[in-house]
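Here's a quick briefing to read alongside the sequence and the 3D view. Keep both open and click through the residues as they come up.

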Amino acid sequence: MLFSGRRRKVNLNAQSELYEHAVQFYVQPPLENISLNEFETFAVERLKLLKTIETLGVSYVKLSEQYKKKLESESKNLNFPYRSETDDRKIPPGGLSECEKRRKDHISHFILRLAYCQTVHNPYREELRRWFIQQEVDLFRYRFSELHSKQKLEFLHRNNLQYDAISAEEKSELQRELIDSTYGVSGITVEQQDFYKVPFQDALDLVRTRKVYLRAGYAYIPHQDIVTIVLNDFRTRLSKALALTARSLPAVHSDERLQPLLSHLSHAYVGQDYSVQKNVGKFSLEQVDSLSGKSFPLCMRQLHQSLRENHHLRHGGRMQYGLFLKGIGLSLEQALQFWRSEFVKGKVDADKFDKAYAYSVRHMFGREGKRTDYTPYSCMKVILSNAPGQGDHHGCPFRHSDPELLKQKLQVYKVPPSGISQILELVKGMHYQLACQKYFELTHNVDDANFSLSHPNQYFIESQKILGGGKDLKREADVPQRSQEAAGGLAEMSEDLDSFFQDG
């Protein structure tokens, strides 16, 4: 894959110069060829890192010791830079040198720029764009905070952020105001650090929280808070860069190798593959009602309840719920019996079911049509595709429900008032998966779920582990994680399956 129109090979000296520093603004795009396999691997692993950052940012105080420790661990596991200075002589087996990690960090950032700038046809494009920018900003904040004071100054000068420190005379003149107005500054510390005079609009976060001294349109920033200015600059640059990158999309879309990858990366699922059934026969149909109340995520519990009440689900609900049931272990025979027995209680007799609906169930299990083993929907697919309309019951309740209706539903399910408030706060911040994870913790009486929720079937398996006293369901421990949606195959499969689930 060539990242630039200039076809040239990057020599080692140029690469060393480009990746000389652990923290950068990503101004210079990559200028080398990489394989499609490396392209997808880099993108998916950076996506995992950003999703970890989102989870940690809600679960812990940003830059707290726990936050930094867990983010360092994840960066290390995924072979991304995690310290400003490392010893390349001690590279673990299978690991990368520091230069190789920085190269991966650099290239993967630009790949995701392509993915998140090209969300024009996605109804949630602005949410995705804002999500990407926020996680990149938080990653930058963590890395910048790990730099020493001297390294921070070098970074500012290297990126032409040369804010002038006020003179000793001006600092002496304003000493009382600086002490009274600046968070964490005392009569002793004010003498020991520099203050920078910057336009107040460059430090809105500090102004908003009343942490700095303001005078005549300028904010006086202590050295330890200069990160706020740098973050604001980074955010502005990245936002503009996404807009500029979008102009290159016609050329990218003409490449049939890349277009499917990029189209689905912004909402790709990068977790466990649940298409291969490992628990067939473990659950009987008589257990489904009980399981729905104990171990189903809210989206599936909602679908199950609607099916029992109305004896019918429209095609979006049947797809979402049918694939979930397949994923927890229902066999084809059980699935046919389940759907037939429920539909005949409504307006569909057995003969009509066999003619209009049985084929679609067999197709979902790969027994008809292309004989494809269809994958249960991930959280991101439920959230970002096929939004429910009037009369529909599919989708994500945390994303698609009115907050007041969601509150009432949580009350019916006996979620405590304090827990409902926490969930609604997460929903307000558009952290829908984290809201579902909080629902899991509240309904299972655990303080920390110890996993990052990304799939309804993952929710079910983790629930069963807790209810079973920690005993895991029978599964292949070495089933690889994958990003099927990122590969572009799921979109075509879903459209194909949609046609079989349409009501006549």
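What follows is a short tour of the cores, the helices, a small set of strands and a few individual residues.

Keep in mind that this is a predicted model. Its largest nonpolar core has 123 residues, and another core, of nine residues, lies apart from it. There is also an open sheet of three strands, paired antiparallel.

**The largest core**

- Who touches the most other members among the 123 residues of the largest nonpolar core? The list is Ile111, Phe140, Phe296, Tyr321, Trp339, Phe398 and Tyr439.
- Take Tyr321 from that list: leaving aside neighbours within four places in sequence, its contacts are Val288, Phe296, Met300, Leu303, His304, Leu307, Leu313, Phe338 and Trp339.
- Two of those contacts, Phe296 and Trp339, are also on the list of residues that touch the most other core members.

**The nine-residue core and Leu178**

- Apart from the largest core sits a core of nine residues, and its members include Ile166, Leu178, Ile179 and Val185.
- Leu178 is part of helix α8, which covers residues 175–181.
- Is Leu178 buried or exposed? Its relative accessible area is 0%, so it's buried.
- Not counting residues up to four places away in sequence, Leu178 touches Ile166, Lys171, Val185, Val190, Phe195, Tyr213 and Tyr220.
- Leu178 and Val190 are twelve residues apart along the chain, and their C-alpha atoms are separated by 7.7 Å.

**The three-strand sheet**

- The strand order is β1-β3-β2, and the sheet is open.
- β1 (195–199) and β2 (213–215) are at the edges with a single partner strand each, so one side of each has no neighbour in the sheet.
- On average, neighbouring strands here are turned by 30° against each other, ignoring direction.
- β1 pairs with β3 (residues 218–222) in the antiparallel sense, over five bridges. Lys197 has Tyr220 as its bridge partner in β3, and Pro199 stands opposite Tyr218.
- β2 and β3 are antiparallel too, with three bridges; here Leu214 stands opposite Ala219.
- The hairpin of β2 and β3 has two residues between the strands, and Ala216 takes a positive phi there, near 55°.
- How many of the five residues of β3 are buried? Four of them are, making the strand mostly covered.

**Helices α5 and α11**

- Helix α11 runs over residues 226–246. Its 21 residues should span 30 Å at 1.5 Å a residue, and the end C-alpha atoms are 31 Å apart, which agrees.
- Buried residues in α11 are Ile226, Val227, Thr228, Ile229, Val230, Leu231, Asp233, Phe234, Leu238, Ala241, Leu242 and Thr245.
- The axes of α5 (residues 125–145) and α11 come within 10 Å and cross at roughly 145°. That crossing is right-handed.
- From α5, the residues that meet α11 are Arg129, Phe132, Ile133, Gln134, Glu136, Val137, Phe140, Arg141 and Phe144.
- On the α11 side, they meet Ile226, Val227, Val230, Leu231, Phe234, Arg235, Leu238, Ser239 and Leu242.
- Phe140, one of the α5 residues in this contact, is also one of the residues that touch the most other members of the largest core.

**Helix α16**

- Helix α16 takes in residues 315–328. The expected span for its 14 residues is 20 Å, and the end C-alpha atoms are 20 Å apart, so the two agree.
- α16 is mostly covered, with 13 of its 14 residues buried.
- Gly329 follows α16 and has a positive phi, near 125°.

**Single residues worth a click**

- Leu63 has a positive phi near 70°, in a residue other than glycine. You'll find Leu63 in the loop between α2 (36–59) and α3 (65–77), and at 29% relative accessibility it counts as partly exposed.
- Asn160 also has a positive phi, near 55°. Asn160 is in the loop between α6 (149–158) and α7 (168–173), and its 64% relative accessibility makes it exposed.
- Met380 is in helix α20 (residues 379–384) and counts as buried at 11% relative accessibility.
- Met380 and Tyr432 are 52 residues apart along the chain, with their C-alpha atoms separated by 9.4 Å.

Terms used: Residues are numbered from 1 along each chain as its sequence is written. This is a predicted model: local features need pLDDT of at least 70, side-chain atom pairs count only at pLDDT 80 or more; totals for chains, interfaces and linings use all residues. Side-chain values use heavy atoms; hydrogens and water are left out. A nonpolar core is a set of buried Ala, Val, Leu, Ile, Met, Phe, Trp, Tyr and Cys residues joined through side-chain atoms within 4.5 Å. Buried means under 20% relative accessible area, exposed over 50%, partly exposed in between (1.4 Å probe, protein chains only). Contact means heavy atoms within 4.5 Å. Helices (H or I, at least four residues) and strands (E, at least two) are DSSP runs, numbered from the N terminus. The expected span of a helix is 1.5 Å times one less than its number of residues. Two strands pair if DSSP finds at least two bridges between them. Axes are lines fitted to C-alpha atoms, for helices over the stretch in contact, and angles run from 0 to 180 degrees between N-to-C directions. A crossing is left-handed if the near helix is turned anticlockwise from the far one by less than a right angle, and right-handed if clockwise.
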